[in-house]
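Visitor: Please choose one part of this model and take me through it slowly. I'd like to see how it sits among its neighbours, and then how they sit among theirs.

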Amino acid sequence: VFVTNVEEALRILDETTFRVVFLDHDLNFRDAAFPEQAGSGQRIAHYLATHGCNSVVVIHSVNQTGSTKMKRLLRQAHVAPFGTFEIEE
């Protein structure tokens, strides 16, 4: 499942349980400049943290500041900036 905005991600997370969740911080170009706004991946990280996420979580954002904030919310998450791993079918 691939989503590109917070609202869709939250809807799907309400409906589906995932074994692994990959999170990016900057979901659109404005998120890098305004990381505290509601559209960033921090909102999804907060949702997962407050809803007792049992999934393996990989934060793959190259936005180091945003990744750090997401990791604080999801202490069990793995941080692997995009480009440091490959996804194979």
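Guide: Let's start at S67, whose place is in helix α4. Helices are DSSP runs of H or I with at least four residues and strands are runs of E with at least two, both numbered from the N terminus. Please keep in mind that this is a predicted model, where local features need pLDDT of at least 70 and side-chain atom pairs count only at pLDDT 80 or more, while totals for chains, interfaces and linings use all residues. Residues are numbered from 1 along each chain as its sequence is written, and side-chain values use heavy atoms, with hydrogens and water left out.

Is S67 buried or exposed? With a relative accessible area of 4%, S67 is buried; that word means under 20% relative accessible area, while exposed means over 50% and partly exposed lies in between, using a 1.4 Å probe and protein chains only. Setting aside the residues within four places in sequence, S67 is in contact (heavy atoms within 4.5 Å) with I59, S61 and V79. P81 sits 14 residues from S67 in sequence, and the two are 8.6 Å apart in space, C-alpha to C-alpha.

Now widen the view to the helix around S67. Helix α4 covers residues 64-73, and its buried residues are G66, S67 and M70. Looking down the axis of α4, these buried residues fall within an arc of 100°, so they line one face of the helix; the arc is that of the directions from the helix axis to the C-beta atoms. The face of α4 turned away from the buried side carries the exposed residues Q64, T65 and R72. As general background, an α-helix has 3.6 residues a turn, so residues three or four places apart point the same way. At the start of α4, a side-chain oxygen of N63 comes to within 3.2 Å of the backbone nitrogen of T65. The buried residues of α4 pack against β1, α3, β2 (56-59) and β3 (78-79).

Of those partners, let's visit β1 through L23, which is found in that strand. Its C-alpha atom is separated by 9.1 Å from that of S67, although L23 and S67 are 44 residues apart along the chain. L23 counts as buried at 5% relative accessibility. Not counting residues up to four places away in sequence, L23 touches residues including M70 and L74, as well as V57, V58 and I59, and also I44, A45 and L48.

That last group leads us on to α3 (41-50). The buried residues of α3 are G41, Q42, I44, A45, Y47 and L48, and they pack against α1, β1 and α4. Q42 also has a partner outside the helix: a polar contact of 2.9 Å joins the side chains of Q42 and H25. A polar contact is a pair of N or O atoms within 3.5 Å; within protein, one must be able to donate a hydrogen and the other to accept it, and residues adjacent in sequence count only if both atoms are side-chain atoms. H25 lies in the loop between β1 (20-23) and α2 (29-33), and it counts as buried at 0% relative accessibility. After α3 comes G52, whose phi is positive, near 65°. In the loop between α3 and β2 you will also find H51, which is exposed, with a relative accessible area of 52%. The side chains of H51 and T50 make a polar contact of 3.3 Å.

On α1, the helix that α3 packs against, the buried residues are V6, A9, L10, I12 and L13. Seen down the axis of α1 (residues 6-15), they fall within an arc of 165°, so they line one face of that helix. E7, D14 and E15 are the exposed residues on the face of α1 turned away from its buried side. At the N-terminal end of α1, N5 provides a cap, with a side-chain oxygen 3.3 Å from the backbone nitrogen of E7. L13 is 38 residues from H51 in sequence, and their C-alpha atoms are 9.9 Å apart in space.

Finally, step back to the whole chain. There are 4 helices and 3 strands, and along the sequence they follow the pattern α-β-α-α-β-α-β. Of the 89 residues, 34% count as buried. Among contacts with a separation of 6 or more, 51% come from residues 24 or more positions apart.
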